[in-house]
Amino acid sequence: MAAPLELSCWGGGWGLPSVHSESLVVMAYAKFSGAPLKVNVIDNTWRGSRGDVPILTTDNNIVSQPAKILNFLRKQKYNADYELSAKQGADTLAYIALLEEKLLPAVIYRDAKECLNLLSNRLGTSQFFFGDTPSTLDAYVFGFLAPLYKVRFPKVQLQEHLKQLSNLCRFCDDILNSYFRLSLGGISPAGQETIDANLQKLTQLVNKESNLIEKMDDNLRQSPQLPPRKLPTLKLTPAEENNSLQRLSP
């Protein structure tokens, strides 16, 4: 019998199973790969560092950080990437790097907007980024985009831009409806009070950060504009292609 897998993460709200992007990445990947996670919502979210979660615990292991958790799950034979080609594996790594550099911090609106546009163009009319089956890249994009899409901010330019990209919004909605719809109910009254208090604090924090971001963006828009950059097409040698597949395989 396989060791139980317990994921400690932030709680949810606004129709999301978690309001924390990195927790969502792991939760989505587990759904895609069939990993039987037991989710443990951290009650003292606002007392600790946001870097403390997500944490995966088994009988013999404690693993933190999404990339390490996903690699651990792959070694347990929960692999959402087994059908990817070497080129798709390399693209996955490139787009994840783009998300972490441009979208997760979202400090510079111009860069974050460009990242959203690249993702929208790459997804096109497909259900997922590599066809009809979700993979690691879909988990990362969902984890990073879903809070920006669903959380009710007073006025955030990046959220307004995301909502104009209908294919990315549909992508998030489809994953929520297909993989998380049955796990959002059943919250006790006491648990709901804790979640409501945490969400109120989250909104206050985001409001302060978004005001700072908009002030920085106003200054940046007054500076000379650079032409938009495109994600380069990756050309790999046979050795590099094999290495990309090994990083995404058990």
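Start with helix H7 in this predicted model: its buried residues are Asn167, Leu168, Cys169, Phe171, Cys172, Ile175, Leu176 and Phe180. These buried residues pack against H1, H5, helix H4 (109-123) and helix H6 (157-162). H7 itself has 15 residues. From its first C-alpha to its last it reaches 20 Å, close to the 21 Å expected at 1.5 Å a residue.

Stay on H7 for a moment and look at its charged side chains. Arg170 and Asp174 meet there in a salt bridge, 3.7 Å from N to O. How many residues apart are Arg170 and Asp174 in helix H7? They sit 4 residues apart, so about one helical turn separates them. Arg170 is partly exposed, with a relative accessible area of 26%, and Asp174 is partly exposed too, at 29%.

That bridge belongs to a longer list, since a search of the whole structure turns up 6 salt bridges. Among them, some share partners: Glu101, Lys102 and Asp111 are joined into one network that way. Lys102 bridges to Glu101, and Asp111 bridges to Lys102. Is Glu101 buried or exposed? With a relative accessibility of 53%, Glu101 counts as exposed, because the cut-off for that is over 50%. Lys102, by contrast, has 15% relative accessibility and counts as buried. Asp111 and Lys102 are both buried, so that bridge joins two buried residues.

Here are the three salt bridges described so far:

| Salt bridge | Closest N to O distance |
|---|---|
| Lys102 and Glu101 | 3.5 Å |
| Asp111 and Lys102 | 3.5 Å |
| Arg170 and Asp174 | 3.7 Å |

Now for the rings. The structure holds 6 aromatic pairs. One of them brings us back to H7: Phe32 and Tyr179 form an edge-to-face pair, with 5.0 Å from centre to centre and 75° between the planes. Which parts of the chain does this pair link? Phe32 lies in helix H1 (residues 21-33) and Tyr179 in helix H7 (residues 166-180), so with the two positions 147 residues apart, the pair links distant parts of the chain. Phe32 is buried, at a relative accessible area of 13%, while Tyr179 is partly exposed, at 26%.

Another pair is made by Tyr140 and Phe144. Why is it called edge-to-face? The ring centres are 6.0 Å apart and the planes meet at 75°, which is over the 60 degrees needed, so the pair counts as edge-to-face. Tyr140 and Phe144 both belong to helix H5 (residues 136-150), where they are 4 residues apart, so about one helical turn lies between them. Tyr140 is buried, with a relative accessible area of 4%, and Phe144 is buried at 7%.

Ring pairs also build something bigger than a twosome: they link Phe32, Phe128, Phe129, Phe171 and Tyr179 into a cluster. You have met some of these names already. Phe171 is one of the buried residues of H7, and Phe32 is the H1 partner of Tyr179.

Definitions and conventions: Residues are numbered from 1 along each chain as its sequence is written. This is a predicted model: local features need pLDDT of at least 70, side-chain atom pairs count only at pLDDT 80 or more; totals for chains, interfaces and linings use all residues. Side-chain values use heavy atoms; hydrogens and water are left out. Rings of Phe, Tyr and Trp (its six-membered ring) pair if their centres lie within 6.5 Å; planes under 30 degrees apart count as stacked, over 60 as edge-to-face and the rest as tilted. Buried means under 20% relative accessible area, exposed over 50%, partly exposed in between (1.4 Å probe, protein chains only). The expected span of a helix is 1.5 Å times one less than its number of residues. Contact means heavy atoms within 4.5 Å. A salt bridge is a side-chain nitrogen of Lys or Arg within 4 Å of a carboxyl oxygen of Asp or Glu.
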